[in-house]
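User: I would like to learn how to read helix packing and burial in a model. Can you take me through a case?

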Amino acid sequence: MRWCKWLSCLAFLVMASETNAQSLHAVLIGDTFDPTIGPGVAANLNKMNGLLQRAKVEGGIALDLHIVKDDNFDCKSIAKQIDDIVVESNDAVLIYYAGHGFRRNSSQSQFPEFDCRRSSDPTRVELSGIADSFIRPQAGGEPPPRLLIVVADTCNTPIQGEPPAQARGPASVVDRRLAFTRLFLDYTGTILMSGSPPGEPSWYLSSGGFFTNQFLAVMFNELDSPVDQVRWEHIVTQSKQDIFIPTTPAAVQRPQAVGLNLFASAWSR
């Protein structure tokens, strides 16, 4: 079992059918009380919340938002909040986790398990398990959502010290309604992302994860593009660009991302 500290792995899964989503259900989860990564986790939650609020206000998307953090952060609370989401087949769901994580030697998934235990409670939470719970619900349960996004920005391997933060922010305010509609309501397909390939680190700062910063910078840049040019394909390609890490000696983070069967049904390609 490899426990993580100070590194991040971002896995991003999108699965959808061809109809338009009516509501976006979002759960933001963060270990803000951890003294080693709490500031960075809080920064990540704020950035992701900012993206969701822009989708609500600028995109006109109905948002059902829940946040699990502070003294409510544990595996049982996370599992319960995710289980409590009531979705229709026409809805979208986004789950985002920021905190420690690890990978078992016996794991069959390339994505991490969340280090969210705060008691002897046996409940555990893993990224691929969350995706499976929505994609393959129990017999007689709710249908899968039209669009499913599962993101984990979680540490992996220890590092010494902390590099300086990189300043990144959203682009200037523009009319993003049609761009949000295009990405979150009209697209179908599957996207998988992680902050680095197996065996390599993904760096995590007090200002948030390097990959989270890069993904959000790419996301806002795409949202500010002419709407007929907005593509998840562009976001996938640009989000996996190498990231310079200003350590001593310098390091390079190599994100990975794959888009499968991507299609924007309401738009010409």
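User: Where do I start with a helix pair, and how do helix α5 and helix α6 cross?

Analyst: Start with the axes: their approach and their angle. This is a predicted model. Here α5 spans residues 210-223 and α6 spans residues 232-239. Their axes come within 9 Å and cross at roughly 145°. The crossing of α5 and α6 is right-handed.

User: Which residues in α5 and α6 meet?

Analyst: Look at each side in turn. From α5 come Phe211, Gln214, Phe215, Val218, Met219, Asn221 and Glu222. From α6 come Trp232, His234, Ile235, Gln238 and Ser239. By class, this contact has six nonpolar residues, five polar and one charged.

User: Which residues of α6 are buried?

Analyst: Burial is read residue by residue, then placed on the helix. In α6, the buried residues are Trp232, Ile235, Val236 and Ser239. Seen down the axis of α6, they fall within an arc of 100°, so they line one face of the helix. Trp232, Ile235 and Ser239 also appear in the contact with α5.

User: Now a single residue. Is Leu216 buried or exposed?

Analyst: Compare its relative accessible area with the cut-off. Buried means under 20%. Leu216 has 6%, so Leu216 is buried. Leu216 is found in helix α5.

User: What is Leu216 in contact with, beyond its neighbours within four places in sequence?

Analyst: Set those neighbours aside and see what is left. For Leu216, that leaves Lys47, Met48 and Leu51. Take Leu51: Leu216 and Leu51 are 165 residues apart in sequence. In space, their C-alpha atoms are 8.1 Å apart.

User: Where does Asn44 lie, and what is its relative accessibility?

Analyst: Use the same steps. Asn44 lies in helix α1, residues 38-57. Its relative accessibility is 0%, so Asn44 counts as buried. Beyond neighbours within four places, Asn44 is in contact with Tyr96, Ala98, Asp153, Tyr204, Ser207, Gly208, Gly209 and Thr212. Thr212 falls within α5, residues 210-223.

User: How do I set these cases against the protein chain?

Analyst: Step back to the totals. The protein chain has six helices and 14 strands. Of its 269 residues, 50% count as buried. The protein chain exposes about 11900 Å², and carbon and sulfur atoms supply 51% of that.

User: Among contacts between residues at least 6 apart in sequence, what share joins residues at least 24 apart?

Analyst: This share tells you about sequence separation. In this protein chain it is 80%. The contact of Leu216 with Leu51 spans 165 residues.

Technical notes: Residues are numbered from 1 along each chain as its sequence is written. This is a predicted model: local features need pLDDT of at least 70, side-chain atom pairs count only at pLDDT 80 or more; totals for chains, interfaces and linings use all residues. Side-chain values use heavy atoms; hydrogens and water are left out. Axes are lines fitted to C-alpha atoms, for helices over the stretch in contact, and angles run from 0 to 180 degrees between N-to-C directions. Helices (H or I, at least four residues) and strands (E, at least two) are DSSP runs, numbered from the N terminus. A crossing is left-handed if the near helix is turned anticlockwise from the far one by less than a right angle, and right-handed if clockwise. Contact means heavy atoms within 4.5 Å. Ala, Val, Leu, Ile, Met, Phe, Trp, Tyr, Cys and Pro count as nonpolar, Asp, Glu, Lys and Arg as charged, and the others, Gly among them, as polar. Buried means under 20% relative accessible area, exposed over 50%, partly exposed in between (1.4 Å probe, protein chains only). The arc is that of the directions from the helix axis to the C-beta atoms. Accessible areas come from the Shrake-Rupley method with a 1.4 Å probe; for residues, only the protein chains shown count as cover.
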